Amino acid sequence: MTVDPNAATQDFPSPGPAHRAPHPARYLVPVLVAGAVAVGLGVYGKVHDPAGTSFNLAGFSSTQAVKSWLATAAIFFALVQVVSAAMVYGKLPGPRWSSVLHRWSGRVAFLVSVPVAVHCLYALGYQTYESRVLWHSLLGCFFFGAFSAKMLLLRSERLPGWLLPVVGGLVFTALTVIWLTSALWFFRTFGVTT
């Protein structure tokens, strides 16, 4: 066997399948699902005739009060998500169970946001009559699309280290602006009532 002394890679083994960088197309599915969810919610909210109300809970003065308090609970658990994510990534000191806290606070935040979204879509629809409402409608659809993408990316292997924090940050930012344009607006307009 002859060996070419000028060959640059003759002593280096070729990378096996475990060392290959993921193909960029693997991120296409989460992006497409996110887009489909966001657009689907927006289209439904726009073409659906708003019903005016979808639920009410005993002890609350109005459906808007229920929505505002559930949205406030969602933003609280989203804040727990941010802090626990910082612990998981080693940016803040935290207990060993930080990852459990992160997962469960995310689940609770999502679960309490679902009735709010159902009410928004079913009772109010996608509206654009003023900038606050437009931003609320846009970011409400974006939130559930970005959340869907994040859930799909969680199951992917060999993700770049920056990707989940960026997508999680987008989800948190969208939820924060949604809360500012709805619950905070409600509390400032009608007072902190139940």
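Is G191 buried, partly exposed or exposed? I began my notebook at this residue, working throughout with a predicted model.

**Entry 1: the end of the chain**

I looked up G191 and found that the residue lies in the segment after helix 5, where its relative accessibility of 25% makes it partly exposed. The value falls between the cut-offs of 20% and 50%, so neither "buried" nor "exposed" applies to G191. I then checked a distance across the sequence: G191 and A65 stand 126 residues apart along the chain, yet their C-alpha atoms are 9.8 Å apart in space.

**Entry 2: the overall layout**

I counted the secondary structure elements next, and the chain has 5 helices and 0 strands, which gives the order α-α-α-α-α from the N terminus on. The chain has 194 residues, and 33% of them count as buried. I also looked at how contacts are spread along the sequence: among contacts with a separation of 6 or more, 73% join residues 24 or more positions apart.

**Entry 3: helix 2 against helix 5**

I noted for myself that a pair of packed helices is described by the distance between the axes and the angle between them. For helix 2 (residues 63–88) and helix 5 (residues 163–190), the axes come within 9 Å and cross at roughly 145°, and the crossing is left-handed. I listed the residues that meet there: from helix 2 they include A65, S68, W69, A71, T72 and I75, and from helix 5 they include F172, L175, W179, A183, F186 and F187. Sorted by class, this contact has 14 nonpolar residues and 4 polar ones, with no charged residues.

Which residues does S68 touch, once those up to four places away in sequence are set aside? I found A183, F186 and F187. S68 is placed in helix 2, and because its relative accessibility is 4%, below the 20% cut-off, I record S68 as buried.

I did the same for W179, which touches A71, T72, I75 and L184 when residues up to four places away in sequence are not counted.

**Entry 4: the nonpolar cores**

I kept in mind that in soluble globular proteins nonpolar side chains tend to be buried together. The largest nonpolar core here has 18 residues, and the members that touch the most others are F143, V171, L175, W179 and A183. Helix 2, helix 4 and helix 5 each supply at least two residues of this core, with helix 5 giving the most, namely 8 residues.

There is also a second, separate core of 6 residues, which includes Y27, L153, L163 and V167. I followed L153 further, a residue placed in helix 4. Its relative accessibility of 5% is under 20%, and therefore L153 counts as buried. Beyond its neighbours within four places in sequence, L153 is in contact with Y27, P30, L159, L163, L164 and V167. I checked the pair L153 and P30 in particular: they are 123 residues apart in sequence, while the C-alpha to C-alpha distance is 6.8 Å.

**Entry 5: a lysine in helix 4**

Is K150 buried or exposed? I found that K150, in helix 4 (residues 131–154), has a relative accessibility of 12% and so counts as buried. Leaving aside neighbours within four places in sequence, I listed its contacts as Q81, H102, L164, V167 and G168. L164 and V167 had already appeared in my list for L153.

**Entry 6: the salt bridge**

How many salt bridges does the structure hold? I found 1, in which the side chains of E130 and R132 meet at 3.2 Å, N to O. I looked up the accessibility of E130 as well, and at a relative accessible area of 36% this residue is partly exposed.

**Entry 7: the end of helix 1**

My last look was at V47, which is placed in helix 1 (residues 28–47). V47 has 62% relative accessibility, which is over 50%, so I record the residue as exposed. Its C-alpha atom is separated by 8.0 Å from that of G125, a residue 78 positions away along the chain.

Notes
Residues numbered from 1 in each chain as written. Predicted model: local features only at pLDDT ≥ 70, side-chain atom pairs only at ≥ 80, totals over all residues. Heavy atoms only, no water. Salt bridge = Lys/Arg side-chain N within 4 Å of Asp/Glu carboxyl O. Buried < 20%, exposed > 50% of the residue type's maximum accessible area, 1.4 Å probe, protein only. Axes fitted to C-alpha atoms, helices over the stretch in contact; angles between N-to-C directions. Helix = DSSP H or I, 4+ residues; strand = E, 2+ residues; numbered from the N terminus. Left-handed = near helix turned anticlockwise from the far one by under 90°. Contact = heavy atoms within 4.5 Å. Nonpolar A, V, L, I, M, F, W, Y, C, P; charged D, E, K, R; others polar. Core = buried A, V, L, I, M, F, W, Y, C linked by side-chain atoms within 4.5 Å.
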